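Open the model in a viewer and keep the sequence panel beside it. The stops below each say what to select and what is there.

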Amino acid sequence: MTSIDRAPDVFGGDESTLEGDPRWIAAQKAVRSPNLARATQLRAILLFIVRHAILQPEEPIPEFEIGYRVLGRRKDFNPLDDNIVRVQMGHLRRKLEQYFSTEGSKDEVVIFIPHGRYTPSFSTRAEFTNGAPPAREVLPTPVDSTVSEDEDA
């Protein structure tokens, strides 16, 4: 099983909660872009952290979970000894910046990952282009359901 196949199993396979959520739609567009086409691990991480932020907004995303559940590290994975998650998150941050400044420059929802955190933040394009990413997350209203504003932990 590849790392991109492992990530969906973490939350149970119910994608119905995600359908219509603009944050999930933005993540899906980003992972289908040529910018992330050959970056299997980065695509898996992005889908995992966005799914987690939507389905479990009050729960922080531990580095261990990304290493174990997404990157296929063993159960005895120790993030202090193996920096794979931090390295890959740095790559993912750069890929997201590149995507949202080029191919995704017209996307309404922008995804960014603050340094030192694994929980993604979301803003509208208008908020994002008016300066630095907002201190508080700006969440667009989902298409099919009401989503409460979530705080990064």
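## Where two helices cross

Start by selecting Gln41, Leu42, Ile45, Leu46 and Ile49 in α3, then add Gln88, Met89, His91, Leu92, Lys95 and Leu96 in α5; these two sets of residues meet. By type, the residues of this contact are seven nonpolar, three polar and one charged. This is a predicted model. Show the axes of α3 and α5: they lie 10 Å apart, at an angle of about 85°. An angle of 65 to 115 degrees counts as roughly perpendicular, and α3 and α5 are therefore roughly perpendicular to each other.

## The whole chain

Now colour by secondary structure. The protein chain has six helices and two strands. Followed from the N terminus, the order of its elements is α-α-α-α-α-β-β-α. Of the 153 residues in the chain, 46% are buried. Turn on the surface: the chain exposes about 8,100 Å², and 49% of that comes from carbon and sulfur atoms. Among contacts with a separation of 6 or more, 51% are between residues 24 or more positions apart.

## A second helix pair

Next select α2, residues 22–31, and α3, residues 40–55. How are they arranged, parallel or antiparallel to each other? Their axes are 10 Å apart and the packing angle is about 180°. Angles over 145 degrees count as roughly antiparallel, and α2 and α3 are therefore roughly antiparallel to each other. On the α2 side, pick Arg23, Trp24, Ala27, Gln28, Ala30 and Val31; on the α3 side, pick Arg43, Leu46, Leu47, Val50, Arg51 and Ile54, and the contact is shown. Eight of the contact residues are nonpolar, one is polar and three are charged.

## The nonpolar core

Which residues touch the most other members of the largest nonpolar core? Select Leu46, Ile49, Val50, Ile66, Leu92 and Ile111; the core has 36 residues, and these six have the most such neighbours. Two or more core residues come from each of α2, α3, α4 (63–70), α5 (84–101) and β1 (109–112). Helix α3 gives the largest share, 10 residues.

Centre the view on Ile111. Leaving aside residues up to four places away in sequence, Ile111 touches Arg23, Ala26, Ala27, Leu46, Val50, Leu96, Phe100, Pro120, Ser121 and Phe122.

## Along α4

Move to α4 and select Glu63, Ile66, Gly67, Tyr68 and Val70, which are its buried residues. Step just past the end of α4 to Gly72, where phi is positive, at about 75°.

## Two loops that touch

Finish with Ser33, in the loop between α2 and α3, and Glu103, in the loop between α5 and β1. Is Ser33 buried or exposed? Its relative accessible area is 1%, and under 20% counts as buried; Ser33 is therefore buried. Glu103, by contrast, is partly exposed, at 46%.

Not counting residues up to four places away in sequence, Ser33 touches Tyr99 and Glu103. By the same count, Glu103 touches Ser33 and Pro34. As a last step, draw a C-alpha to C-alpha distance from Glu103 to Lys29: it comes to 9.8 Å, for residues 74 apart in sequence.

Key:
Residues are numbered from 1 along each chain as its sequence is written. This is a predicted model: local features need pLDDT of at least 70, side-chain atom pairs count only at pLDDT 80 or more; totals for chains, interfaces and linings use all residues. Side-chain values use heavy atoms; hydrogens and water are left out. Axes are lines fitted to C-alpha atoms, for helices over the stretch in contact, and angles run from 0 to 180 degrees between N-to-C directions. Helices (H or I, at least four residues) and strands (E, at least two) are DSSP runs, numbered from the N terminus. Angles under 35 degrees count as roughly parallel, over 145 as roughly antiparallel, 65 to 115 as roughly perpendicular and the rest as oblique. Contact means heavy atoms within 4.5 Å. Ala, Val, Leu, Ile, Met, Phe, Trp, Tyr, Cys and Pro count as nonpolar, Asp, Glu, Lys and Arg as charged, and the others, Gly among them, as polar. Buried means under 20% relative accessible area, exposed over 50%, partly exposed in between (1.4 Å probe, protein chains only). Accessible areas come from the Shrake-Rupley method with a 1.4 Å probe; for residues, only the protein chains shown count as cover. A nonpolar core is a set of buried Ala, Val, Leu, Ile, Met, Phe, Trp, Tyr and Cys residues joined through side-chain atoms within 4.5 Å.
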